[in-house]
Amino acid sequence: MTPALWQARLDALQSRGRLPSIVGGVLRNGELAWTGASGHRPGDPDDQQYRIGSITKSFVAVAVLRLRDAGALDLDDPVGRFVPETGYASSTVRSVLSHTSGMQSEPAGPWWERSPGADFPTLSARNDGSGAVAGPGDFFHYSNLGFALLGEVVARIAGSPWWDLVATEILGPLGMARTTFHPAAPHAQGYSVDHFAGTLTPEPHHDTGAMAPAGQAWSTVTDLARWGRFLASGHPGVLDVPTLREAGSPVWPATDYGLGLRVLECGGRPMVGHTGSMPGFLASLFINPETGEGTVALANATVGLDTVGVPLALLSEDPVEPTEPWVPTDVVPGPARELLGLWFWGNTATELRWSGGCLELRSLARPEGVDRFELSGSRIIGTEGYHRGEELHVGRNGDGSINHLECATFVYTRVPYDPAAPIPGGHPRG
């Protein structure tokens, strides 16, 4: 594979996912062999920080395993040994690390990812154990709340904030100086992309308080490549290979999770690492611990990147067609703005988006088929797809509100229409 192919694949991820920007890297033999960037002002892929979300959990997991190897805890200890006031005192450290404690996925209270964080006493009081969704070991159930609790376990044992231990005893020895608790310039702004308009809305970059062990940290492609190399090869001052192999072995049958690390099969390659998401950001880091082959990707969008699929997307040797970069929308023209959204042809859901200076109409049942229309004066004319050359008419009610859309007898309404009722039509057309 060549850098040109890796770049083409990164470009395809940006275009397909409607990502404002994405930066990525490929590791060979544990070393960063290539970095690239795509999209709208992505910055330097070696130095631009992005929020890494749940990859933070892998830092916490390593901190816990270091304490275990030092004899400060046992994985079968109840969490209550260290945090007696928690409502989940009987959950073992092992079950929380592996998401098999039965703890609920998210904390009670405000949506933690989009709210200023509370302190641990507040978090603990809101989550008294009554929100558990299963008994210990009943089944795998991913829990952000669980890693907040593990962060507090680390803090209680260390006698200092969990991030202080992570920064000084883990990130420092690994040379990960651009991995920080708060964003440090240069860093990306996180965005959500309006589904129909393609416009960008800035997402908040809150300090998540006691929930920070679940997804607070910021990092770069270069630093995460160092983290990947560590997960594959260990470091004598941080954690040895046998413990890392233990962390990367699935705990629960038919799941892809070990002790704080995700486990993947990617085209026959075993991979360990983690994915991450926070409002405005997506992240992926995976490495083959046997060969040191791996991938990193960081994007500044709330959705749009298949973070689990990044290794296969970047490492596949299949050719990829060149793609046009997706460009965010600055302004949607007035005549188009009121048409955007969900429409129904009979009972079939379709959507009308503004993208690339035109309207895109696609069936949700067959999203690969797209009809495109351009504004031409007061008319809307098909330029691509089945409706090429046809005019899209806007049917209006007497008060000027939109009743339906019609193109070559295809009628689209905001709600599924009753087959027994008259088909809309005969209304003044805009």
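**A walk through the predicted chain**

H99 sits in the loop that runs between helix 3 and helix 4. The model is a predicted one, and this residue is a useful place to enter it. The phi angle of H99 is positive, about 60°, although H99 is not a glycine. Is H99 buried or exposed? Its relative accessibility is 2%, and buried means under 20%, so H99 counts as buried.

Another residue can be set beside it. T409 lies in the loop between strand 17 (402-407) and strand 18 (410-412). T409 is also a residue other than glycine with a positive phi, here near 75°. Its relative accessibility is 65%, and exposed means over 50%, so T409 counts as exposed.

With those two loops located, consider the whole chain. The protein chain has ten helices and 18 strands. Its C-alpha trace spans about 80 × 50 × 40 Å along the principal axes. Of the 430 residues in the chain, 53% are buried. Contacts can also be sorted by how far apart the partners are in sequence. Among contacts between residues at least 6 apart in sequence, 60% join residues at least 24 apart.

Helix 5 (residues 144-158) can be followed from one end to the other. At its N-terminal end, S143 acts as a cap: a side-chain oxygen of S143 lies 3.4 Å from the backbone nitrogen of L145. The helix has 15 residues, and the distance from its first C-alpha to its last is 22 Å, close to the 21 Å expected at 1.5 Å a residue. Just after the helix comes G159, with a positive phi of about 75°.

Why is helix 5 described as largely enclosed by the rest of the structure? Twelve of its 15 residues are buried, so that description follows. The buried residues include N144, L145, G146 and F147 in helix 5, and A155 is also one of them. What covers these buried residues includes helix 2, helix 3 (93-97), helix 4 (120-126) and helix 6 (162-171).

Helix 2 (residues 55-69) is one of those covering elements. Its 15 residues should span 21 Å at 1.5 Å a residue, and its end C-alpha atoms are 22 Å apart, which agrees. Helix 2 is itself mostly covered, with 14 of its 15 residues buried. G71 follows the helix and has a positive phi, near 85°. A side-chain arrangement also involves F147 of helix 5: K57 lies over the face of the F147 ring, at 6.0 Å from the ring centre.

Aromatic rings come next. The chain holds 13 aromatic pairs, counting rings whose centres lie within 6.5 Å. One of them is formed by W227 and F230, with 4.9 Å centre to centre and 40° between the planes, a tilted pair. Both residues lie in helix 7 (residues 221-233), three residues apart, which is about one turn of the helix. W227 is buried, with a relative accessible area of 0%, and F230 is buried too, at 2%. These two rings belong to one aromatic cluster formed by F59, W162, W163, F181, W227 and F230.

A short stop in another loop concerns the peptide bond from A185 to P186. This bond is cis, with omega near -5°. P186 is placed in the loop between helix 6 and strand 4 (191-193).

The last part of the walk covers two hairpins. Strand 7 (residues 262-266) is mostly covered, since four of its five residues are buried. Strand 7 pairs with strand 8 (residues 269-278) in the antiparallel sense over five bridges. Within this pairing, L264 stands opposite M271 in strand 8. The hairpin has two residues between the strands, and G267 in it takes a positive phi near 60°.

The other hairpin is made by strand 14 (residues 370-376) and strand 15 (residues 379-384), which pair in the antiparallel sense over five bridges. Here L375 stands opposite I380 in strand 15. Two residues lie between these strands, and G377 in the hairpin has a positive phi near 65°. When looking at such strands, keep one general point in mind. In a regular strand the side chains alternate between the two faces of the sheet.

Definitions and conventions. Residues are numbered from 1 along each chain as its sequence is written. This is a predicted model: local features need pLDDT of at least 70, side-chain atom pairs count only at pLDDT 80 or more; totals for chains, interfaces and linings use all residues. Side-chain values use heavy atoms; hydrogens and water are left out. The expected span of a helix is 1.5 Å times one less than its number of residues. Buried means under 20% relative accessible area, exposed over 50%, partly exposed in between (1.4 Å probe, protein chains only). Rings of Phe, Tyr and Trp (its six-membered ring) pair if their centres lie within 6.5 Å; planes under 30 degrees apart count as stacked, over 60 as edge-to-face and the rest as tilted. A charge sits over a ring if NZ of Lys or CZ of Arg is within 6 Å of the ring centre and within 35 degrees of the ring normal. Two strands pair if DSSP finds at least two bridges between them. Contact means heavy atoms within 4.5 Å. A polar contact is a pair of N or O atoms within 3.5 Å; within protein, one must be able to donate a hydrogen and the other to accept it, and residues adjacent in sequence count only if both atoms are side-chain atoms.
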